[in-house]
Amino acid sequence: MARRTALLILHSKSIDDATGRLPSPEADLPALAAALGDEAIGGFEVTQLIDDTVQAMREAIVRLFRSVGPQDVALFYYAGNALQDQFGEVYLTARDTRPEALEATGLQVGFLRDLLDKSRCNQKVVILDCPVTSCFEGGRELLGSQSAILEALEGTGHGRFLICATDLI
């Protein structure tokens, strides 16, 4: 029987003045978890991480995409901030993310893409509810807040469904 597994990650704290605090993300996560976990609605096994470290995020994401088989459904949800470096790389933030050491303390979106590509699961849903902020002075103009994330997650695209917040409308 196919399993439905969801990982919900919330990073509600601002890491600096540029990123700002998200409006009421703490209220949304429990409601989403309840809906997904309800057998009559979603039927997912739900794991939540709230304001945790980047290492805890990495390990939870690895567990999610390695634990599912071809007939399963894997859902990854992240609410927080994303930072783009001067080379165009995008990173999801965690409690211990520092913009001046982004490569070491942020979760590179390419890491997520690679796990999506390697997962045996044929039904992977990624929901990113996060603005993208350039974390350096004099950077190139972003093509809408989510274009860099969508490009970074593209990968093989097989069995992958991406939903991102946007300001393009």
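Here are a few exercises on the structure above, each with a worked solution.

The model is predicted, with local features needing pLDDT of at least 70, side-chain atom pairs counting only at pLDDT 80 or more, and totals for chains, interfaces and linings using all residues. Residues are numbered from 1 along each chain as its sequence is written, and side-chain values use heavy atoms, with hydrogens and water left out.

**Exercise 1. Get your bearings**

Work out how many helices and strands the protein has, and in what order they run.

Solution. Start with the tally: five helices and nine strands. Helices here are DSSP runs of H or I with at least four residues, strands are runs of E with at least two, and both are numbered from the N terminus. Next, read along the chain from the N terminus, and you get β-α-β-α-β-β-β-α-β-α-β-β-α-β. Now check burial: 47% of the 169 residues count as buried (buried is under 20% relative accessible area, exposed over 50%, partly exposed in between, with a 1.4 Å probe and protein chains only). Finally, look at contacts, meaning heavy atoms within 4.5 Å. Among those between residues at least 6 apart in sequence, 69% join residues at least 24 apart.

**Exercise 2. Lay out the five-stranded sheet**

Find the strand order of the open five-stranded sheet, then say which strands sit at its edges.

Solution. Take pairing to mean that DSSP finds at least two bridges between two strands. On that basis the order is β2-β1-β3-β7-β9, with parallel pairing. The edge strands, each pairing on one side only, are β2 (45-50) and β9 (160-164). From one strand to the next the twist averages 10°.

Now go through some of the pairs:

- β1 and β2 are joined in parallel by six bridges, and Ala-6 stands opposite Val-46 in β2.
- β1 and β3 share seven bridges, again parallel, with Ala-74 in β3 as the bridge partner of Thr-5.
- β3 (residues 73-79) and β7 (residues 123-129) run parallel with seven bridges, and Ala-74 has Lys-124 as its bridge partner in β7.

Last step: β1 has six of its seven residues buried, so this strand is largely enclosed by the rest of the structure.

**Exercise 3. Now the four-stranded sheet**

Which strands form the open four-stranded sheet, and which of them stand at the edges?

Solution. The order is β6-β5-β4-β8, and the pairing is mixed. At the edges are β6 (107-108) and β8 (132-134); each has a single partner strand, so one side of each is left without a neighbour in the sheet. Zoom in on β4 (residues 82-84): this strand pairs with β8 in the parallel sense over three bridges. In that pair, Gln-84 stands opposite Ser-134.

**Exercise 4. Pack two helices**

Describe how α2 and α4 cross, and list the residues that meet.

Solution. First the geometry: the axes of α2 (residues 54-66) and α4 (residues 109-118) come within 10 Å and cross at roughly 15°. Axes are lines fitted to C-alpha atoms, for helices over the stretch in contact, and angles run from 0 to 180 degrees between N-to-C directions. The two helices are therefore roughly parallel to each other (under 35 degrees is roughly parallel, over 145 roughly antiparallel, 65 to 115 roughly perpendicular, and the rest oblique). Then the residues: Arg-58, Ile-61, Val-62 and Phe-65 from α2 meet Phe-111, Leu-112, Leu-115 and Leu-116 from α4. Sorted by class, that gives seven nonpolar, no polar and one charged residues (Ala, Val, Leu, Ile, Met, Phe, Trp, Tyr, Cys and Pro are nonpolar, Asp, Glu, Lys and Arg charged, and the others, Gly among them, polar).

**Exercise 5. Follow Val-68 and Thr-5**

Is Val-68 buried or exposed, and what is it in contact with?

Solution. Val-68 is in the loop between α2 and β3. Its relative accessible area is 1%, so Val-68 is buried. Leaving aside neighbours within four places in sequence, Val-68 is in contact with Arg-3, Thr-5, Ala-74, Ser-119, Arg-120 and Cys-121. Another check: its C-alpha is separated by 9.1 Å from that of Ala-2, 66 residues apart along the chain.

Move on to Thr-5, in β1 (residues 4-10). This residue is buried too, with a relative accessible area of 9%. With the same neighbours set aside, Thr-5 has contacts including Phe-44, Leu-64, Val-68 and Ala-74.
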